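Here is a short tour of a protein chain for the bench. Have the sequence and the 3D view side by side as you read.

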Amino acid sequence: PEGVEPLQIVVGDVALLQDVGVEVQEETLLVHVIWEARDTTLQNYTTFMHLREGESVIGNDDRQPIPPTSSWAPGEVVIETYTLPRPASGRYSIAMGLYDAAQGTRLALSESSGRSFVDSQFVVTVEVP
């Protein structure tokens, strides 16, 4: 979006995670994600989107992006919205990233400075009123 500083989170050789926004609705949380393709891949990766209370996953929306990562072209921007159940009032975290569903391995995440993210996941905090 215009005026928003992109996150520039490197996701393997496949993508940049540019932006994440959480919209709290009456019955759901909508997580809006902007990916930018870095390189072509033959692999169709799956997004994991985990709503967590502490270390427990209390909701998820794991699925392949549309279009699938194997059809992303370098520089292409892909905007996805993921749906999670709305929990009770409180503070929660949402962990996300890409993984190979056949192997169960996550793509490494790092900042442009090279600092890696723990457990190959990007985490945002959300306050639910």
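The accessible surface of the protein chain comes to about 6900 Å², and carbon and sulfur atoms own 48% of that area. Please keep in mind that this is a predicted model. Charges are part of the picture too: there are 7 positive and 19 negative ones, and their mean positions lie 6 Å apart.

What about the fold? The protein chain has ten strands and zero helices, so the order along the sequence reads β-β-β-β-β-β-β-β-β-β. With a radius of gyration of 14 Å, close to the 14 Å that the globule rule gives for 129 residues, the protein chain is as compact as a globular protein of that length. Its C-alpha atoms fill a box of roughly 40 × 40 × 30 Å along the principal axes. Among contacts with a separation of 6 or more, 64% join residues 24 or more positions apart.

Now for the inside. Of the 129 residues, 43% count as buried. The largest nonpolar core holds 29 residues, and L17, V31, W35, I94, M96 and F122 touch the most other members. Several strands each supply at least two residues of this core, including those below.

| Strand | Residues |
|---|---|
| β2 | 15–24 |
| β3 | 28–37 |
| β6 | 77–85 |
| β7 | 90–100 |
| β10 | 122–128 |

β3 gives the most to this core, with five residues. In soluble globular proteins, nonpolar side chains tend to be buried together.

To see one core residue at work, click on V31: leaving aside residues up to four places away in sequence, V31 touches V20, G21, V22, M49, E80, T81, Y82, L84, I94 and M96.

Key: Residues are numbered from 1 along each chain as its sequence is written. This is a predicted model: local features need pLDDT of at least 70, side-chain atom pairs count only at pLDDT 80 or more; totals for chains, interfaces and linings use all residues. Side-chain values use heavy atoms; hydrogens and water are left out. Helices (H or I, at least four residues) and strands (E, at least two) are DSSP runs, numbered from the N terminus. The radius of gyration is taken over C-alpha atoms; the globule rule is 2.2 Å times the number of residues to the power 0.38. Buried means under 20% relative accessible area, exposed over 50%, partly exposed in between (1.4 Å probe, protein chains only). Contact means heavy atoms within 4.5 Å. Accessible areas come from the Shrake-Rupley method with a 1.4 Å probe; for residues, only the protein chains shown count as cover. Lys and Arg count as positive and Asp and Glu as negative; His and the chain ends are not counted. The place of a charge is taken as NZ of Lys, CZ of Arg, CG of Asp or CD of Glu. A nonpolar core is a set of buried Ala, Val, Leu, Ile, Met, Phe, Trp, Tyr and Cys residues joined through side-chain atoms within 4.5 Å.
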